[in-house]
Amino acid sequence: MNTKHLHKQWTSIIEEEFSKNYFRKIMREVKNCNSKDLLCPKRENIFRAFEITNFSDLKIVILGQDPYHGENQANGLAFAVNKNNKIPPSLRNIFKEIKNDLNIDPLTSKDLESWASQGVLLLNSSLSVKLGIANSHSKLGWELFTNKILKEISLMKNKVVFVLWGNFAKKKESLIDTKKHLILKAPHPSPLSAYRGFFGCKHFSKANDFLRKNDLKEIIW
């Protein structure tokens with residue numbers, strides 16, 4: 001994988017994994033899917049979350065499960081889609097909660113690049129998927145990789161907000177030092193679960209309150 005566009009602190013964390021057997025297995029499947037035009041997101045966007053969000057600027061981690069599996073949907077950022085796509089149901093509900101929480105229309109576009117550039121790491125647990133098949137790369141070993149990322153963030157950073165939506169994301173709490181960081185948990189924003197507590201969670205205002213209290217610049221949602 002090409003890491004030339006990554007911040008040097010990400011590179012030092014990520015490249016350590018490249019020589020491990022599990023990562024070689026991932027790359028074989030990524031190469032295979034890419035050769036058949038079945039890879040989501042495109043190969044050059046697999047590490048895009050780390051390209052846009054510098055380690056030094058990192059303030060918030062929002063954890064997703066795996067990329068969208070529709071054609072040309074995924075852009076490498078969790079919950080985000082390329083601009084030529086319709087807003088997916090989960091992202092639509094995220095935007096609704098921002099409106100309800102902050103009483104403003106979201107100031108980002110559906111590609112969520114503005115969040116990433118402000119220090120919001122939009123990290124999926126699996127960084128790739130086969131076209132048309134949800135969770136198809138979840139058993140490859142991506143979680144070993146992204147769990148390492150979460151552990152390193154928890155260890156090396158201070159006062160980060162970890163946003164865990166849904167039962168899958170909540171399982172990652174054990175990787176995070178709760179004495180140093182804020183963890184916000186709620187049901188997933190999917191239409192299947194958003195009404196069970198995602199709506200009304202006020203995570204966007206709570207995250208900004210935490211940043212402000214720690215003399216960090218708030219996110220323009």
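## Cysteines without a bridge

Let's start with C201: this cysteine is buried, at a relative accessible area of 7%. C40 is buried too, with 5% relative accessibility. Keep in mind that this is a predicted model, so these values are computed from predicted coordinates.

How many disulfides turn up here? The count is zero. For C40, the closest cysteine sulfur sits in C33, and at 8.6 Å that is too far for a bond. A disulfide would need the two sulfur atoms within 2.5 Å.

## A cis bond and two positive phi angles

C40 has something else going on: the peptide bond joining C40 to P41 is cis, with omega at about -10 degrees. P41 itself belongs to the loop between β1 (39-40) and α3.

Just on the other side of that strand, in the loop between α2 and β1, you'll find D37. D37 isn't a glycine, yet its phi is positive, near 60 degrees. Buried or exposed, what is D37? It is exposed, with a relative accessible area of 67%.

K159 does a similar thing in the loop between α6 and β5. Its phi is positive as well, at about 60 degrees, and K159 is not a glycine either. At 35% relative accessibility, K159 counts as partly exposed.

## Helix α4 and what covers it

Helix α4 takes in residues 89-102, which makes 14 residues. From first C-alpha to last it reaches 20 Å, close to the 20 Å expected at 1.5 Å a residue. Right after α4 comes N103, which has a positive phi near 60 degrees.

Which residues of α4 are buried? They are S90, L91, N93, I94, F95, E97, I98 and D101. The elements covering them include α5 (113-117), β5 (161-165) and α8 (203-213).

## Where α4 meets α8

The axes of α4 and α8 cross at roughly 60 degrees and come within 8 Å. On the α4 side, the contact is made by I94, E97, I98, D101 and L102, while α8 brings in H203, F204 and S205. It's a mixed bunch: four of these residues are nonpolar, two are polar and two are charged.

## Helix α1

Over in α1 (residues 8-18), the buried residues are W10, T11, I13, I14 and E17. What do they pack against? Their partners are α2 (21-35), α3 (48-52), β3 (120-124) and α6 (142-156).

Note on methods: Residues are numbered from 1 along each chain as its sequence is written. This is a predicted model: local features need pLDDT of at least 70, side-chain atom pairs count only at pLDDT 80 or more; totals for chains, interfaces and linings use all residues. Side-chain values use heavy atoms; hydrogens and water are left out. Buried means under 20% relative accessible area, exposed over 50%, partly exposed in between (1.4 Å probe, protein chains only). Helices (H or I, at least four residues) and strands (E, at least two) are DSSP runs, numbered from the N terminus. The expected span of a helix is 1.5 Å times one less than its number of residues. Contact means heavy atoms within 4.5 Å. Axes are lines fitted to C-alpha atoms, for helices over the stretch in contact, and angles run from 0 to 180 degrees between N-to-C directions. Ala, Val, Leu, Ile, Met, Phe, Trp, Tyr, Cys and Pro count as nonpolar, Asp, Glu, Lys and Arg as charged, and the others, Gly among them, as polar.
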